[in-house]
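Grab your viewer and work through these short exercises. Try each task before you read its solution.

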Amino acid sequence: RVRLVKGSHIIVRKFWEGPHAYLFQNHDKRVIFVNPYENDLCLIGTTDIPYEGRAEDVSIDTHEIGYLLAAVNRYTKKQFTRADIISSFSGVRPLSDDNAANPSAVTRDYVFDCDGEPPLLSVFGGKITTYRKLAEHALQILKPFFPVMKGDWTAKAALPGGDIPNADFDAFVASLRREFPWVPEDVANHYARLYGSRVEKIINGASSLKGLGRHFGGIFYEAEATYLRTHEWAQTAEDILDRRTKYGLHLSLQERESLARYLND
């Protein structure tokens with residue numbers, strides 16, 4: 001059985017100096033995190049409430065907004081109001097229902113159900129921070145049905161773009177700047193942070209800023225949009241601006257609409 005639990009976040013202007021984050025203990029014994037986000041913003045979350053309905057329709061509600069603002073305002077000199085909220089987003093967690101009365105107490109662990117031959121393996125629950133372990137366990141369950149299957153191998157395998165020498169990010173950015181000195185520093189940092197060694201797929205032989213194509217605003221160029229459509233299956237402006245890059249927090253309405261028209265051409 002699956003139990004749907006909604007988690008929502010709000011985004012406001014960053015209100016402190018430094019790169020550190022905060023973890024605030026709320027009156028209901030839950031904790032709220034306040035993280036630096038997109039340089040000059042901060043991310044506040046999250047809620048845990050039961051959810052019914054289509055996952056595609058999920059959105060933050062007024063109760064959740066009030067809950068997050070009150071939790072932060074207990075600790076901060078600056079008192080935030082709804083007018084301070086720049087953006088918000090919500091997600092639905094499909095958790096294995098363990099009959100916990102409090103949604104926050106529902107296990108975040110994953111549960112397998114393997115049945116039949118050939119086997120049908122169903123996965124319930126889990127979260128992105130444990131997905132590799134989940135995948136290994138899933139294949140271990142299937143191994144008796146596939147005797148020539150190899151053993152676990154992902155523990156030391158780099159994620160796409162993660163094969164950076166010595167895992168030294170600063171050195172990688174420096175080498176990127178040497179190889180492409182015409183790329184502005186903020187653009188190079190963005191490409192390195194989001195795409196790692198895949199950055200050359202974005203630059204794709206360009207030798208000047210003009211070679212990155214149309215400028216949509218901020219540090220967003222056509223070459224990145226092309227990469228996201230070709231390699232990461234982005235289809236809409238929201239896919240690119242809100243889900244993959246967070247440019248949507250920084251571009252004007254006119255710039256967002258310009259990208260939408262470009263994608264529809």
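**Exercise 1. Sort out the cysteines.** Is C114 buried, partly exposed or exposed?

*Solution.* C114 has a relative accessible area of 32%, so it's partly exposed (buried is under 20% relative accessible area, exposed over 50%, partly exposed in between, with a 1.4 Å probe and protein chains only). Next, take C42: at 0% it's buried. Last step, disulfides: call one wherever a pair of cysteine sulfur atoms sits within 2.5 Å, and the count comes to zero.

Some ground rules before going on. This is a predicted model, where local features need pLDDT of at least 70 and side-chain atom pairs count only at pLDDT 80 or more, while totals for chains, interfaces and linings use all residues. Residues are numbered from 1 along each chain as its sequence is written, and side-chain values use heavy atoms, with hydrogens and water left out.

**Exercise 2. Describe a helix pair.** At what angle do α4 and α6 pack, and how far apart are their axes?

*Solution.* Start by finding the helices: α4 covers residues 185-195 and α6 covers residues 222-231 (helices are DSSP runs of H or I with at least four residues, strands are E runs of at least two, both numbered from the N terminus). Their axes are 13 Å apart and the angle is about 10 degrees; axes here are lines fitted to C-alpha atoms, for helices over the stretch in contact, and angles run from 0 to 180 degrees between N-to-C directions. That makes α4 roughly parallel to α6 (under 35 degrees is roughly parallel, over 145 roughly antiparallel, 65 to 115 roughly perpendicular, and the rest oblique).

Now list who touches whom, with contact meaning heavy atoms within 4.5 Å. From α4 you get H190, Y191, L194 and Y195, and they meet E224, Y227 and L228 of α6. By class, that's five nonpolar residues, one polar and one charged (nonpolar: Ala, Val, Leu, Ile, Met, Phe, Trp, Tyr, Cys and Pro; charged: Asp, Glu, Lys and Arg; polar: the others, Gly among them).

**Exercise 3. Zoom in on Y191.** Which residues does Y191 contact, leaving aside its neighbours within four places in sequence?

*Solution.* Y191 belongs to helix α4 and is buried at 1% relative accessibility. With those sequence neighbours set aside, its contacts are G196, V199, I202, L212, Y221 and E224.

**Exercise 4. Place T245.** Where is T245, and what does its side chain reach?

*Solution.* Look in the loop between α7 (237-244) and α8 (253-264) for T245. T245 is buried, at 3% relative accessible area. Its side chain reaches the backbone oxygen of I240 at 2.7 Å, and a polar atom of that side chain lies 3.1 Å from the backbone nitrogen of Y247. Neighbours within four places aside, T245 also contacts residues including H190, L194, E224 and L228.

**Exercise 5. Check the backbone.** Which peptide bonds are cis, and where is phi positive?

*Solution.* Most residues other than glycine have a negative phi, and most peptide bonds are trans. The bond from G45 to T46 is cis, with omega near 0 degrees; T46 is in the loop between β4 (41-45) and β5 (49-50). E117 and P118 are also joined by a cis bond, omega about 5 degrees. As for phi, N39 has a positive value near 70 degrees and is exposed at 75% relative accessibility. N166 has a positive phi of about 60 degrees, and at 77% it's exposed too.

Definitions and conventions:
A polar contact is a pair of N or O atoms within 3.5 Å; within protein, one must be able to donate a hydrogen and the other to accept it, and residues adjacent in sequence count only if both atoms are side-chain atoms.
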